[in-house]
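Subject: Handing over the structure

Dear colleague,

Here is the structure I promised to pass on to you. Please have it open while you read, since my notes on what was found in it follow directly below.

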Amino acid sequence: MNTIANRWKRYADWDNRPLRLDRFAAEDPANGFSAFAGMADPQPGISIADGRVISLDGVLERDFDMIDRFIARHHIDVSVAPQAMAMDSVDVARMLVDMNVPRETLVRLAHGMTPAKLARCVSHLNALEIAFAYSKMRARRTPGNQAHVTNAKDDPLQLAADAATAVAFGFDEVETTMRVSRNAWSNALACAVGASVGRWGSLFQCSSEEAEELRIGMAGFTSYAETVSVYGTEKAFIDGDDTPWSKAFLAAAYASRGIKMRCTSGAGSELLMGFHEAKSLLYLEARCLCLQRGMGVQGTQNGGIDGAPLTATVPGGFRELMAENLIAVWLDLECASGNDARATESEIRVGAKIMPYLVAGSDLICSGFGSILKYDNSFNPSLLNGEELEEYLVLQRDFEADGGLTPLAEEKAIDIRRRAVEAVAAVLAELGLAEPSEAMMQSVVVASGSDDTESFLPRDVAFISEAIRDRGITVIDVIKALARRGFHAEAENLLKVVKLRLSGDYLQTSAMVRNGHVISAVNDPNDYRGPGSGYRVSPERRLEINAIRDVLDQEQVLRSEAMHKREENARIKYSTMGEAAPSADPGEVVLGISPAFGISLFQTTAGHRLSDVLRVLTQAIRARGLSPRVVRFRHTADTSFLGLSAARLAGSGIGIGLQAKGTAVIHQRDRLPHNNLELFSNAPITQLDHYSRMGANAAAYALGEMPEPVVVPQRGEALGARYHARVAMMYAVETALTAEGAAPEDVEVIFTGAQK
């Protein structure tokens, strides 16, 4: 007896989707699981007396915690606060999406708003409105992007190669970290050298323990820092052994030494640390961002960051991440807008998360796009990694949106990687740190990830790293080593980045280096005022974005088809026998072929020779005792009309329409054009056996039988995405050979070569 399961099988199918690996949290404001409306979120409010903030969001000055006090003293502009706080929050939200309200007006108001007010205003915006407001409010006009460059072995050869390719793809910043903390100095040296290959201007950071990171910066290897974390609750700060003032001091220490600097914060961090105070994720992050503005830092790395996977579990979590980024740019901070931690296993959710940032643009769309493979990402997998990098390039092309990256030709990639490996190997040898072998170097040049390399292991790297630190090797020593070993371009490129620390130009808000020039919110301000304003992809940039792989044109299609012409001419001969007329022979089935069939086109989209297709069709018809007749039609290239026209000529009233690309139909003379007997529309998966059975069924219909229709099985393949560009070009070749009113032609077909 059959047992009927008490479950729809679709749920079993869904159980096997990547989404099922994600877990979701119930909305629970009392325990901090609330994106926008925390149980303890305060009402916006402020009181000022004698130029001093005496209450903030319902808290009196005597009860201020360290965050309230810092915000009151260093963020709030008391000259603006009365006006800004008195405005209706919905009206302010509408101003954010009003293209006629200048960005400068809104930035001024934000400087007078408390965290609760900022959070309240943006909470009135839906996801589309947030993305629009973000595009309007970001500080710099031109978007950029940042790469993670790490590997599982901390291998300096691979780090240099991957940093060089990241720079070649267009990343404006490169960030590294390490699997073994003592390898920080080696990682820093390797990435600094790699980032100097090919062009100059990509800024570099080594994410390490804060004191160590500052020492690496003092040695000149790094040009920016962003791992100065701030929190939205006092207990989280205390747990981290920090205060807003200590963080501000560290930020000043970086900036005073010419190192570009931003803080890190993001929704979910306080919840992860257990100090959420029953307040919403957005409100706590608004506090963090007000702190950062009060510190005077250039910008922020926010948008969830390590807390993003947690925020993504909460209802409205992705919208909250967008909202906190909006507050950041509204406060006039440079925004490295997260999209680093992989918040989901679902590729659909990944794509959905990145799209608002891609179309709106951001100072840095990802504060860590994993330019390496997932398993090599020592920060843990990013939202997007090396596996998806090419798909991101295609998204740029699809939406004509500048995501900061540029396609890289294969031959150029291998040359860049080889140059980077040779450069860092030369530095290691010149400074007496290591002597990489040729085999080690070659394994890295062609490697996709560290599983493919036969190079340094973490223990080997530890000796190199500690020697760099203990011997006091600086970036100047590296520049000299490059020059002595003949890598003059790389030495010059690295020196130019070091010189930026003297000029301080890249300490401006939202600064990055493009084409040898610093661009920032000062000389490249976001001037969005609606359609036709703000950043637009230039014709030159559009050509760069469009230069992805696998791009076809009609000439390429014809060239690839012509490669098969000689072979087909040796296998089959087509001879035109004159105008085709209707037949009275009831044993005849007509095969109507398209204009370019065997003339300009020689294979189906499945790769079958047209000679083989005709052979199996005619053999199957003859096997039933009937006669196949081949007729070429030139008045149409449409499958249905080929089949119907063939049926009207056939004595049996049955015809097969066959396009050169392989699409076919069985038709009957008295049927409507698109009401055929059988349609074989999925040519890329139609096999010779299917064509043979097609011929047999056509013969069966001619004999008055009702055969079982041929079904070409498919498993949901995106055949259109794979083949439609080529199909359209092939069909254009066909239609170019048509002529209105052209008479059909009988074609004698002789199979002359060895057949499969």
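Arg182 has a relative accessibility of 43%, so this residue counts as partly exposed, and I begin with it in this predicted model on account of its partner. Arg182 forms a salt bridge with Glu466, with 3.8 Å between the closest N and O atoms. Because Glu466 lies in helix α21 (residues 458–470) and Arg182 in the loop between β5 (173–176) and α9 (184–194), the pair ties together parts that are 284 residues apart in sequence. Glu466 is likewise on the list of partly exposed residues, since its relative accessibility is 27%.

The structure holds 45 salt bridges, and two others that I looked at lie within single helices. In helix α19 (residues 410–430), Arg418 and Asp415 are three residues apart, about one turn of the helix, and their side chains meet in a salt bridge with an N to O distance of 3.8 Å. Arg418 counts as partly exposed at 30% relative accessibility, and Asp415 counts as partly exposed at 48%. In helix α29 (residues 688–702), Arg693 and Asp689 are four residues apart, again about one turn of the helix, and the closest N and O atoms of their salt bridge are 3.2 Å apart. Here Arg693 is partly exposed with a relative accessible area of 35%, while Asp689 is partly exposed with 48%. Salt bridges also link Arg140, Glu173, Glu226, Lys260, Arg262 and Glu334 in a network.

As for the overall architecture, the protein has 30 helices and 20 strands, and its C-alpha atoms fill a box of roughly 105 × 65 × 65 Å along the principal axes. Of the 756 residues in the protein, 57% are buried, and about 30,800 Å² is exposed, with carbon and sulfur atoms supplying 52% of that area. Among the contacts with a separation of 6 or more, 77% are made by residues 24 or more positions apart.

Which residues have the most contacts inside the largest nonpolar core? They are Phe221, Trp330 and Val478, in a core that has 153 residues, and helix α19, with ten residues, gives the most to this core. Not counting residues up to four places away in sequence, Trp330 touches a set of residues that includes Val92, Leu96, Leu106, Met113, Cys121 and Met137. Another core lies apart from this one and has 38 residues, among them Ile572, Val613, Leu614 and Met694.

One sheet deserves a description of its own. This open sheet has seven strands in the order β14-β20-β16-β15-β17-β18-β19, and the pairing is mixed. The edge strands, each pairing on one side only, are β14 (572–579) and β19 (678–680), and neighbouring strands of the sheet are turned by 30° against each other on average, direction ignored. Helix α27 (residues 610–623) packs on the sheet, where it touches β14, β15 (588–593), β16 (627–632), β17 and β20 (745–751), and its direction makes about 165° with that of β15. Helix α29, for its part, lies across β15, β17, β18 and β19 and runs at about 155° to β17. Within the sheet, strands β17 (residues 654–658) and β18 (residues 664–668) run antiparallel and are joined by five bridges, with Leu658 standing opposite Ala664 in β18.

Finally, I would point you to Ala683, which is found in the loop between β19 and α29. Is this loop residue Ala683 buried or exposed? Ala683 counts as buried, because its relative accessibility is 2%, which is under the 20% cut-off for that class. Leaving aside neighbours within four places in sequence, Ala683 is in contact with Thr605, Ala606, Lys661, Gly662 and Thr663. The C-alpha atom of Ala683 is separated by 45 Å from that of Leu159, a residue 524 positions away along the chain.

With best wishes

Conventions. Residues are numbered from 1 along each chain as its sequence is written. This is a predicted model: local features need pLDDT of at least 70, side-chain atom pairs count only at pLDDT 80 or more; totals for chains, interfaces and linings use all residues. Side-chain values use heavy atoms; hydrogens and water are left out. A salt bridge is a side-chain nitrogen of Lys or Arg within 4 Å of a carboxyl oxygen of Asp or Glu. Helices (H or I, at least four residues) and strands (E, at least two) are DSSP runs, numbered from the N terminus. Buried means under 20% relative accessible area, exposed over 50%, partly exposed in between (1.4 Å probe, protein chains only). Two strands pair if DSSP finds at least two bridges between them. Axes are lines fitted to C-alpha atoms, for helices over the stretch in contact, and angles run from 0 to 180 degrees between N-to-C directions. Contact means heavy atoms within 4.5 Å. Accessible areas come from the Shrake-Rupley method with a 1.4 Å probe; for residues, only the protein chains shown count as cover. A nonpolar core is a set of buried Ala, Val, Leu, Ile, Met, Phe, Trp, Tyr and Cys residues joined through side-chain atoms within 4.5 Å.
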